[in-house]
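Please examine the model shown below. The paragraphs that follow lead through it step by step.

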Amino acid sequence: MKRYGVFLIIAVSLALTACRLLPGHSTAQETDVVFALGTREGFSSPLQAALKPAGPALEFEGSSFVLTGVHRKMLDALIADWSREKPRYLLAGYTPPGLPDDYARSLSERRAQAVRQYLIENKIEAAYLQTVGFGFDSSLNSPSSSVVVIFRQ
Amino acid sequence: MLLIPPVHALSLPAWLRFGKDAKSKAASSMTQKTVAVVAFTGGTGESAQRGLLVELTAASEFRLTNENPDFSVSGSSVGGRVTARVVNREGKELMDRTYAAPGLDENLKALADDLILVVTGKPGLATSRIVFVSNKSGSKQIFMCDANGKDLQQVTHHPHGCVSPSLNADGSAIAFTSYRSGFPVVQVLDLGLGYERTVTDTPGSSFGASFSPDGNRLAVVMSFLGNPEIFVTDLNSNSAACISDTTGAPCSPSWHPDGKQIIFADDRGTGPRLYVADVPATNETEAKLIRWRSGYSFCADPEFSPEADRVAFTAKVGNDLAVVVKSWPSGSARVIQAGGAVHPSWSPNGRYLCYSQHGTLYVHHLNSGTRTAILNGQGQITEPRWMK
């Protein structure tokens, strides 16, 4: 009888562990906190002025909007520099032609938001960041147009 | 049999004729309504009658005959102004209306559409408009034309361009995304007054505006919350409610004809799929959000047909984008046009789709499968939307 009790405890523990792995059952710690955008006042658009990129563009594969290790490495360098002058950054997403237009805008905005989220989580203040998704409404002089470009304001 | 003159061959009873075509023609002639256009009086009466016959012949919504017609239209025309009266077989008056626009052509198009609505119960296309984006002028701007690609006019002239247009139901206003300030904001242009107003100027991006059937609300994508979401904005109160609840990349919202649901595409990490969200009537109303299984793993630009029995959308078929129509809420899907055709939009009568393919604007007749390039060589045409 005691042996059955031990088996029961193990079975219940395994079942609970499996439940945690099911999609949609993430714990509070795993849930991302989404930071709402602050005012856009004072930010310039690359459509209006010749803005200088703060570093190389972050390239994305296919229709992914997930940051890779390469992206994080590039952003970490930016984060390290930020605290010295605290510049403001506009994160502008672009896609190549060939996608449905509206999807291209949303995907490019979503990528820019992913970059913003990472920067905020790594201590860049939210008020210093703005995003925009151009899709392929605005052409970019770049070898790849499936990118997020970080423009220093 | 071959020696029988065509007139005799055609006079055989329907049940004696062989082949699908003969059968369907016999069936359609039995159901097709007949209309007589009686002589119009007045100085421009003759021109009016001739012009109306041209409009109705092009529309092909019913048979024009003077022999025992189901409906008769008569009237008068003086100086381009047209008055018309429609009666049925029993002599009951169904319509009596005067058209006083500046030009005879404009009046005849409006009369043709009204007549088609009275006879068939479905709207005509003579006065309907298609809005689209073209880079003809050097930057992306909104243009508009009729269902035949005629009456082409540039609607916007904004610096840095305008995209993502949507016409309201009566064709009196266009919502679109403008880059005038360098950032995407949604604006509404009153076509009658020429007055523009900004609906959303929120941080992040705003795009994909779509008028509700009653014209009082807009569905629009905004990202000020920290990720893109679909919002429904009330144009009278300027309030907005989020209906999408996603952390993905939602886009291209479009209304159900009853105004109670919105279909949109959302990429939650595995490519864009189609979702349908209820539009809550009040804050307390429970709103459902479901994924609609279209059968394709990459879908965008969905739009309900006017009768809400089908949905047209862009899908990836093989390596190419294609226009697909699937029965709503369930049923079979059919590829209407492959090879890079995108952004389908229904005609008001639900018989045609317009879409763009490699920069050309097409109108596709769904029953016959024939299509016409209505605009070609007018820049790179994208994002067409037909007035509902």
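Apart from its neighbours within four places in sequence, A:Ala112 is in contact with A:Leu91, A:Ala92, A:Gly93, A:Thr131, A:Val132, A:Gly133 and A:Val148. The model in which these contacts appear is a predicted one. A:Ala112 itself belongs to helix α3 of chain A. Is this residue buried or exposed? A residue is classed as buried if 20 or more other C-beta atoms lie within 10 Å of its own. A:Ala112 has 29 C-beta neighbours inside 10 Å and therefore counts as buried. A further separation can be given for this residue: A:Ile150 lies 38 residues away from A:Ala112 along the chain, and the C-alpha atoms of the two are separated by 8.9 Å.

The helix that holds A:Ala112 also leads to the contact between the two chains. This contact takes 27 residues from chain A and 37 residues from chain B. Which elements of chain A give two or more residues to the side that touches chain B? They are α3 (101-121) and β4 (129-133) of chain A. Of the elements on this side, α3(A) gives the most, with 9 residues. Sorted by class, the side of chain A that touches chain B has 10 nonpolar, 10 polar and 7 charged residues.

Attention now turns to the sheets of chain B. Strands of a sheet pair through backbone hydrogen bonds, and the pairing may be parallel or antiparallel. In chain B, an open sheet of 4 strands follows the order β9-β10-β11-β12, with antiparallel pairing. Its edge strands are β9 (162-167) and β12 (195-200) of chain B, each of which pairs on one side only. From one strand to the next, the twist averages 25 degrees. Between β9(B) and strand β10 (residues 173-178) of chain B there are 4 bridges, and these two strands run antiparallel. Within this region, B:Ser166 stands opposite B:Ala175 in β10(B).

Another open sheet of 4 strands in chain B has the order β21-β22-β23-β24, and its pairing is antiparallel. Why is one side of β21 (299-304) and of β24 (333-337) in chain B left without a neighbour in the sheet? These strands stand at the edges, and each has a single partner strand, so one side of each remains without a neighbour in the sheet. Neighbouring strands here are turned by 30 degrees against each other on average, direction ignored. Strand β23 (residues 320-327) of chain B is joined to β24(B) by 4 bridges, and the two run antiparallel. B:Val324 stands opposite B:Val335 in β24(B).

Key. Residues numbered from 1 in each chain as written. Chains lettered and ligands numbered in written order. Predicted model: local features only at pLDDT ≥ 70, side-chain atom pairs only at ≥ 80, totals over all residues. Pairing = 2+ DSSP bridges. Axes fitted to C-alpha atoms, helices over the stretch in contact; angles between N-to-C directions. Contact = placed C-beta atoms within 7 Å. Nonpolar A, V, L, I, M, F, W, Y, C, P; charged D, E, K, R; others polar. Buried ≥ 20, exposed ≤ 12 C-beta atoms within 10 Å, placed from the backbone.
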